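This report is meant for a reader who is meeting the structure for the first time. It goes through the sheets, the helices that pack on them, and the spaces left between the atoms.

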Amino acid sequence: MDKDTILKVSDLHVDIKMLEGKLTPVRGVNFEIKRGETLGLVGESGCGKSLTCKAILSINDKKCRSTGSIIFNNEDEGEIDLLKLDPKGEKIRDIRGKHISMIFQEPMVAFSPMYTIGNQINECTRLHITKDRKKSKEISMEMMRKVGIANVEKRYNQYPHEFSGGMLQRALIAMALVCNPSLLIADEPTTALDVTIQAQILELMKELQKTYNMAILFITHDLGVVAKMCDRVAVMYLGKIVESGTAEEIYANPQHPYTRGLMGSVHKIGGKKTERLFSIDGTVPLAMNLPKRCGFYDRCDVRIEGLCNNADPELVTTDGQHQIACFACKNEACQKMRKEAEKRIVLEKTAGKEA
C-alpha cells in the first residue's frame, strides 16, 4: 500500500447468524481512500453502507462477524489491520476518535441527554489530547467556534435538547474533529437537516477538510450531495460495489443499470415539468441465503436470462479508474467477463449431465 493511501478495504464480509439462516449484508467489498480525498459510498437503504463503515471502527453489533482486511495507514505506527485488533482493546480505542472519527446518521440521538454538549465533546479531548481540564475545555470550545457555533461560553454548558437540529449537527462535527483525525467517516450527516442548513454543513466539512488535509468517507443516498462533495464514487448494492470511479466519470457515463436508475430518479434542472422521474421497480432483497446470481437480477431491465441468474459478475476495470460489475454493459472488459462466465456455465452444465 502506497503512502498516499490512508485506508484499504479488501474482500470485506459481514455475516450475521440468525434462526432463519445466515444474513450477509456486506459481501466482498473492496475500496481504498487517499489522503485528503472524499470517497462517496452511494446506494439505497439496506445496501450495507453503514455496516461497512462501522466495521472499520469495529463498532458493529456483537452478532456481526467481519472477515477480510481493513488496512489503516497510521502515520505514527504504519499499516495496521483493524479487523485483527480486539474490538474492546486499547489499540482500537486509541484509533477511534483520535485517528478515525465518525459522524453518525441522526444527531438528535447521537448525544446523551444526561450530559452537557461541552462535557461530551470534552470527553474526546481528555481521552486523546490532554488530561488537564482547563486546557481540554479550551480546545473543545475552540473547535465549537470553528464549526460555527455562536456564543460558545453559553452553549458549552447546555444540554442536547436545547440545541436545534442544525446546531446539534455542528456539535457532532466538532466532537468528531476535535482530535484532528486523518480519516472522517460521515454516515448521511445531512439527512435530517433542511436544505439551507445542509448546504452550510457541507461547506463547513469541505473547509475543515482543506484545513486538516483530512480524508472523508461520505455515505449518502443523495446524488446531489455526492456531486458537490466527492472526488470518487462507489455505488453499492446488496452488500457489493457494483460501479466505482471518479465523480466526473460516474455522472458523465453511468454504465451499470442500477447506477443509471439512481441517476434517472433525480430531477434535473431544465427538465420538462411533465417528464416523470425514473423509478427502479421493487426493493433491495434480504441478503440471506442468496443464490449464485447477480444481486440486481430481479430489478434489472436489461438482464440476460440464463447468464445473470446463474453467475455473479465481478468488478472489472474498463478505463482509467472506472470499474463495473455487469454482464450487460457494452464495454470490452465487461463483454470479456461475460464470455468467460458463459463458458463456465456451459462447462458446469455439461459436468452436471455427465455426473
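## The four-stranded sheet

In this model, which is predicted, 4 strands form an open sheet in the order 2-1-4-5, and their pairing is antiparallel. The edges of this sheet are taken by strand 2 (21-34) and strand 5 (78-81), each of which has a single partner strand, so one side of each is left without a neighbour in the sheet. From one strand to the next, the twist averages 5 degrees. Helix 1 (residues 49-56) packs on this sheet, where it touches strand 1 (5-18), strand 2 and strand 4, and its direction makes about 65 degrees with that of strand 2.

The pairings can be followed across the sheet from one edge to the other. Strand 1 and strand 2 run antiparallel and are joined by 10 bridges, with K8 having E32 in strand 2 as its bridge partner, and a hairpin of 2 residues connects these two strands. Strand 1 also pairs with strand 4 in the antiparallel sense, over 8 bridges, and here I16 stands opposite C64 in strand 4. Strand 4 (residues 64-74) in turn pairs with strand 5, again in the antiparallel sense, over 4 bridges, and the bridge partner of F72 in strand 5 is I80. Strands of a sheet pair through backbone hydrogen bonds, either parallel or antiparallel.

## The eight-stranded sheet

Another open sheet is made of 8 strands in the order 6-7-8-3-9-10-12-11, and its pairing is mixed. Its edge strands are strand 6 (100-103) and strand 11 (316-317), each pairing on one side only. At the strand 11 edge, 2 bridges join strand 11 to strand 12 (residues 323-324), and the two run antiparallel; V316 stands opposite I324 in strand 12.

Two helices can be placed against this sheet. Helix 7 (residues 165-177) lies across strand 6 and strand 7 (183-187), and runs at about 170 degrees to strand 6. Helix 8 (residues 195-212) lies across strand 3 (38-42), strand 6, strand 7 and strand 8 (215-220), and runs at about 160 degrees to strand 8.

## A covered helix and a buried serine

Helix 11 (residues 257-264) is mostly covered, with 6 of its 8 residues buried. The buried residues are P257, Y258, T259, G261, L262 and M263. Their cover includes strand 3, helix 9 (223-229), strand 9 (232-237), strand 10 and helix 10 (247-252).

Strand 10 also holds S244. Is this residue, S244, buried or exposed? S244 counts as buried because its relative accessible area is 9%, which is under the 20% cut-off. If its neighbours within four places in sequence are left aside, the contacts of S244 are V233, A234, I250, Q321, H322 and Q323.

## Enclosed cavities

Rolling a probe the size of a water molecule over the atoms shows where empty space is left. A search of the whole structure finds 3 cavities of 30 Å³ or more. The largest cavity holds about 100 Å³ of space, and of the 13 residues that line it, K240, V242, C294, G295 and D312 are the closest to its centre. Strand 10 (residues 240-246) gives the most to this lining, with 3 residues. By class, the lining of the largest cavity has 8 nonpolar, 2 polar and 3 charged residues.

The second largest cavity has a volume of about 80 Å³. It is lined by 13 residues, of which C294, C300, C308, C326 and F327 lie nearest its centre. The lining of the second largest cavity divides into 11 nonpolar residues, 1 polar and 1 charged.

## The largest pocket

The largest pocket contains about 590 Å³ of space. Of the 19 residues in its lining, R96, G97, F104, C124 and M175 lie nearest the centre of the pocket. Strand 6, helix 4 (117-128) and helix 7 are the elements that give two or more residues to this lining, and the largest share, 5 residues, comes from helix 4. The lining of the largest pocket divides into 11 nonpolar, 5 polar and 3 charged residues.

How values were computed:
Residues are numbered from 1 along each chain as its sequence is written. This is a predicted model: local features need pLDDT of at least 70, side-chain atom pairs count only at pLDDT 80 or more; totals for chains, interfaces and linings use all residues. Side-chain values use heavy atoms; hydrogens and water are left out. Two strands pair if DSSP finds at least two bridges between them. Contact means heavy atoms within 4.5 Å. Axes are lines fitted to C-alpha atoms, for helices over the stretch in contact, and angles run from 0 to 180 degrees between N-to-C directions. On a 1 Å grid over the protein atoms alone, a cavity is a set of points where a 1.4 Å probe fits but cannot get out, and a pocket is an open set with protein on both sides within 12 Å along at least five of seven lines; lining residues have an atom within 4 Å of a point. Grid points are joined across faces, edges and corners, and a volume is the space filled by probe spheres set on the points. Ala, Val, Leu, Ile, Met, Phe, Trp, Tyr, Cys and Pro count as nonpolar, Asp, Glu, Lys and Arg as charged, and the others, Gly among them, as polar. Buried means under 20% relative accessible area, exposed over 50%, partly exposed in between (1.4 Å probe, protein chains only).
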